[in-house]
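Please open the model in your viewer and keep the selection tool at hand. The stops below are arranged so that each selection leads on to the next.

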Number of protein chains: 2
Amino acid sequence: MVKYPSGHSPQPNGDTSNNESKTNYGGRGMSLEEKINQSNTYYLTKERAVIHKKPTPIQVVQVDYPHRSAVKITEAYYRQASTTDYNGVYKGKYIDFEAKETKNKTSFPLNNLPEHQREHMSNCIKHGGIAFLLISFKVRNEVYLIPYESIETQMASSNKKSLTYQFIQNNGYLCQTGVFPMLDYLSALDIYLEKLERSN
Amino acid sequence: MVKYPSGHSPQPNGDTSNNESKTNYGGRGMSLEEKINQSNTYYLTKERAVIHKKPTPIQVVQVDYPHRSAVKITEAYYRQASTTDYNGVYKGKYIDFEAKETKNKTSFPLNNLPEHQREHMSNCIKHGGIAFLLISFKVRNEVYLIPYESIETQMASSNKKSLTYQFIQNNGYLCQTGVFPMLDYLSALDIYLEKLERSN
């Protein structure tokens, strides 16, 4: 993850002169998680939002004290997370999301979205939060923001075990990619929030 | 942490017949963190809020694969958290807080509150979130919810390296303790939120 001291981050249109070099620099080769983390750092620096990835839950079984000040963990195991990976605050709203990557070109398999994450996102919405997925179609090099509400409605009305690419295009919001931020998912979210406000 | 299947949690006034036994059962001997976790589980079950403790950040250095399916972490270290321990959504608001315990009877030393946590809470407020501390005075067996805004104002106007107990009494909200939840900090928060609304 790239980190910049507060107020010293490079500008979006700073030092690259054409779109091609921008795309190469800000994208391929990095994982979806790395792109989101870089974007969150950028948003924080620019005072646009406070959104963090939660640490991976680890069950510590045994520790050792090789030095007086340092604790060395010598036996531990990954645990299943009970929530989603990312949350925070944006424009006064509670934001909660999960990032998913698929190599599939035509659909997103719903078994990628375990029951406890569905329940968590559903609960967040009940309490007035905003919950969504960021789905990356690796082959297409596209990332969509899909409100969890759309997914829930779709799952309730269909027994299909996946969301089609067309459904995601129709109900999701394409995230622009670049250098700073690498994945501008908050601008995609803005369009959804405007739509929500109009419908209220 | 006590966990109950959804909809099957014991009732607040269920099976204890007097206040004394309630107080003994729901309190002493458990850490502040355990009480908060139990309360969060209770709030979740009762559909009052979605608030979770973030996992402790751990830097994994080496892993082993003793079985085909299990990953065993054999070398790892605790990292410093970049935010606070708890966050979530309550009544449509983003909630962010840190729990602190002190054996001190007359004040809370501010060196218990590292700079990165101060900055994080300050940022959350700027974006419309609610940030506070839960300060436990162990000897007094009292826990106060103190809005971070009050602490920030106090720090800006004074060079003192601690918050006095009197300051905390005057600016904080005493949390009721019980069985379910063990620490009813959301009812203390309600009083603060009402005050915020009146002043807007």
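At roughly what angle do the axes of helix α3 (residues 115-126) of chain A and helix α4 (residues 148-157) of chain A cross? Select both helices in this predicted model, and look along the line between them: the axes of α3(A) and α4(A) come within 10 Å and cross at roughly 120 degrees. Since angles over 145 degrees count as roughly antiparallel and 65 to 115 as roughly perpendicular, with the rest outside the parallel range being oblique, α3(A) and α4(A) are therefore oblique to each other. The handedness of the crossing of α3(A) and α4(A) is left-handed.

Now show side chains at this crossing. On the α3(A) side, the contact is made by R118(A), M121(A), S122(A) and I125(A), and on the α4(A) side by Y148(A), E149(A), E152(A) and M155(A). Coloured by residue class, the residues of the contact of α3(A) with α4(A) divide into four nonpolar, one polar and three charged.

**The sheet of chain A**

Next, select the strands of chain A, where six of them form an open sheet of mixed pairing, running in the order β1-β4-β5-β7-β8-β10. At the edges stand β1 (50-53) and β10 (173-174) of chain A, each of which pairs on one side only. To examine one of these edges, select strand β8 (residues 142-147) of chain A together with β10(A): the two pair in the antiparallel sense over two bridges. Within this pairing, the residue to pick out is L145(A), which stands opposite Y173(A) in β10(A). Then bring α3(A) back into view, for this helix also packs on the sheet, touching β5 (93-102) and β7 (130-137) of chain A, and its direction makes about 155 degrees with that of β5(A).

Before leaving chain A, select F180(A) and P181(A) and display the backbone. The peptide bond from F180(A) to P181(A) is cis, with omega near -5 degrees, and P181(A) lies in the loop between β11 (176-177) and β12 (183-184) of chain A.

**From one chain to the other**

How is chain A laid on chain B, and by what turn? A turn of 180 degrees with a shift of 0.0 Å along the axis lays chain A on chain B with an RMSD of 0.0 Å. The two copies are thus related as by a two-fold rotation axis. The same surface serves both copies, in that 100% of the contact residues of chain A recur in chain B.

**The sheet of chain B**

Select the strands of chain B, six of which form an open sheet with mixed pairing in the order β1-β4-β5-β7-β8-β10. Because β1 (50-53) and β10 (173-174) of chain B stand at the edges with a single partner strand each, one side of each is left without a neighbour in the sheet. For the β1 edge, select β1(B) with strand β4 (residues 86-90) of chain B, which pair in the antiparallel sense over four bridges; here K53(B) has Y86(B) of β4(B) as its bridge partner. Adding helix α6 (residues 185-199) of chain B shows a helix that packs on the sheet and touches β1, β4, β5 (93-102), β7 (130-137), β8 (142-147) and β10 of chain B, with its direction at about 135 degrees to that of β7(B).

**Helices and loops of chain B**

Move on to helix α3 (residues 115-126) of chain B and helix α4 (residues 148-157) of chain B, which pack at an angle of about 120 degrees with their axes 10 Å apart. The crossing in which α3(B) passes α4(B) is left-handed.

Finish with the loops of chain B, taking three residues in turn:

- P181(B), in the loop between β11 (176-177) and β12 (183-184) of chain B, is joined to F180(B) by a cis peptide bond whose omega is about -5 degrees.
- E47(B), placed in the loop between α2 (32-45) and β1 of chain B, has a positive phi of about 55 degrees although it is not a glycine.
- K91(B), found in the loop between β4 and β5 of chain B, is not a glycine either, and has a positive phi of about 50 degrees.

Notes:
Residues numbered from 1 in each chain as written. Chains lettered and ligands numbered in written order. Predicted model: local features only at pLDDT ≥ 70, side-chain atom pairs only at ≥ 80, totals over all residues. Heavy atoms only, no water. Pairing = 2+ DSSP bridges. Contact = heavy atoms within 4.5 Å. Axes fitted to C-alpha atoms, helices over the stretch in contact; angles between N-to-C directions. Parallel < 35°, antiparallel > 145°, perpendicular 65-115°, else oblique. Left-handed = near helix turned anticlockwise from the far one by under 90°. Nonpolar A, V, L, I, M, F, W, Y, C, P; charged D, E, K, R; others polar. Least-squares fit on C-alpha atoms with pLDDT ≥ 70 in both.
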